Each structure stands twice: as C-alpha cells, then as structure tokens.
Amino acid sequence: MYSVKRPLRSGNTAYQLVVIGNFLGANLAAQVGFDEIGLFLFSVGTFYYLLVFISIYQAISRKVGSNKSPANGPHAPRNKFRSLEPNLHPILFLFIAPPAAASLTRTQLTPDHRMDHLAKFFYFISFFIFLLLLRVLIMFIRKTPFTLSYWAYTFPMAALSTSAIEYATSTKSTVALYLGMVLASIATLVILLVAVLTAYKAAVAEILPNDPVMRVAVAREV
C-alpha cells in the first residue's frame with residue numbers, strides 16, 4: 001500500500017482501494033459461511049479505513065494550506081485541488097466507496113442480513129460524502145477531459161446505490177426506496193456512459209496507451 005518512496009502521509013486517494021479490498025473480502029467470506037473470517041477482515045478494514053481517511057485528509061489539508069501561503073503571491077489562485085493533477089480529480093470519488101462497502105459488509109455479517117445501526121452509520125457517511133462531492137462534480141467534469149480515471153466514478157456510485165437500496169429494504173421507507181432507485185439509475189447511467197466513452201476514445205487512439213493518467217503514473221514511478 002505504501003513504501004519509503006510513497007509514504008502514507010503523501011495523501012494518495014488510491015490507497016483506499018486496499019481498504020475496499022478488505023471489506024469485499026469480508027463480504028465474500030460472510031456469504032460462503034465463514035462469518036468469523038469475515039468479521040476479522042471487516043475489523044481490519046475498519047481500522048485501516050480510519051487510518052487512511054485521517055492520513056489523506058491531513059495531507060490534503062496541509063497542501064491546501066500551502067496553496068494559500070504568501071509564497072504563492074497575494075493574487076495567486078486558491079485552488080484546493082492544485083496538488084492533484086486535473087486528470088486525477090475523479091479519484092476523489094473513491095472516498096464514497098469504503099464506507100458504502102463497509103455498510104454492505106456489515107449488513108451481510110448480521111444474523112438476519114439486515115442493516116443494524118453500525119451498517120446505517122457507514123451508509124450515512126458514504127451518502128454525506130457523496131453530497132459534499134456533488135458541489136465540485138460539475139467543476140471536475142468541465143475542467144477534466146475524459147481519461148481512464150473516469151472509471152473512479154463507477155464503483156463508488158454502484159456501492160452507494162446498493163447500500164441505499166439495502167437501507168430502504170431494512171427501513172421499509174418509501175422515501176429511502178425512491179432515493180435508492182434514483183442513485184441506482186445514476187450509477188447505471190454513469191457506468192454505461194463511461195464504458196461507451198472508453199470504447200470510443202480507444203477506437204480513435206486517444207487512450208491506451210496515450211491516456212494522461214498513464215503518463216502521470218509513469219512519471220511518478222520514475
């Protein structure tokens with residue numbers, strides 16, 4: 001997940017993929033009957049989620065603070081996301097995925113496979129982060145050309161919509177059900193749109209291997 005060259009305090013949002021892997025492994029273990037292994041993986045995932053989230057948040061806060069320093073000039077633009085390459089802006093939506101995956105996993109670990117308070121807690125966190133990111137979504141789409149990083153929108157939206165439907169099923173709330181249907185529709189539209197755009201861009205040779213995200217990754221490795 002990290003090394004001496006890429007410490008955790010560097011604030012790479014992609015570190016959350018490791019956390020998601022723990023929750024997905026716990027969910028799978030619970031589905032095949034290994035509840036204790038699932039609970040173990042869920043505990044490890046929760047621990048690392050807190051660690052990674054706090055580390056990334058502090059890293060972003062430090063970078064935002066440095067962007068506002070006098071060294072940048074009194075009239076320098078104050079872009080909160082200046083420290084992140086524009087082509088990588090969509091990966092900020094990965095913040096939605098870990099709590100959504102944790103909510104689904106916790107639901108699977110309960111005896112009746114229904115949401116308890118802890119599962120709802122994680123779902124509410126995921127939905128709140130989604131609402132926060134909606135504020136900058138339009139800016140991301142306008143300023144970020146299509147790259148492979150747009151796939152970072154798909155899994156978080158799918159996980160959030162599935163968690164929303166599980167919440168509606170558990171609470172039997174009509175409002176929650178409509179919300180889950182809206183989120184599921186958005187997730188389906190996003191997945192289809194990104195898939196079509198990826199196929200089109202690949203056909204005209206604008207990505208694979210010319211994608212800007214790949215160039216950023218190679219430059220960082222060097």
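**Notebook: the α3/α4 contact and the second largest pocket**

I began with the way two helices meet, and I noted that α3 passes α4 in a left-handed crossing. The residues that make up this contact of α3 with α4 divide into 9 nonpolar, 3 polar and 1 charged. I keep in mind throughout that I am reading a predicted model.

I then looked up the geometry of the pair, and I found that helix α3, residues 97-109, packs against helix α4, residues 117-143, at an angle of about 160°, with the two axes 8 Å apart. Because angles over 145 degrees count as roughly antiparallel, I entered α3 as roughly antiparallel to α4.

Next I listed who meets whom: from α3 I wrote down Pro99, Ala100, Ala102, Ser103, Arg106 and Thr107, and facing them in α4 I found Leu118, Ala119, Phe122, Tyr123, Ile125, Ser126 and Ile129.

I turned afterwards to the second largest pocket, for which I recorded a volume of about 270 Å³. It is lined by 14 residues, and among these I marked Leu137, Ile141, Tyr153, Ile186 and Val190 as the closest to the centre of the pocket.

Which helices each supply at least two residues of this lining? I noted α4 and α6, the latter spanning 174-203, and I added that α6 gives the most, with 6 residues.

Last, I checked the character of the lining of the second largest pocket, and I counted 14 nonpolar residues, with no polar and no charged ones. I set this beside the contact of α3 with α4, where my entry reads 9 nonpolar, 3 polar and 1 charged.

How values were computed
Residues numbered from 1 in each chain as written. Predicted model: local features only at pLDDT ≥ 70, side-chain atom pairs only at ≥ 80, totals over all residues. Heavy atoms only, no water. Axes fitted to C-alpha atoms, helices over the stretch in contact; angles between N-to-C directions. Helix = DSSP H or I, 4+ residues; strand = E, 2+ residues; numbered from the N terminus. Parallel < 35°, antiparallel > 145°, perpendicular 65-115°, else oblique. Left-handed = near helix turned anticlockwise from the far one by under 90°. Contact = heavy atoms within 4.5 Å. Nonpolar A, V, L, I, M, F, W, Y, C, P; charged D, E, K, R; others polar. 1 Å grid on protein atoms, 1.4 Å probe; cavity = no way out; pocket = protein on both sides within 12 Å on 5 of 7 lines; lining within 4 Å. Points joined across faces, edges and corners; volume = space filled by probe spheres on them.
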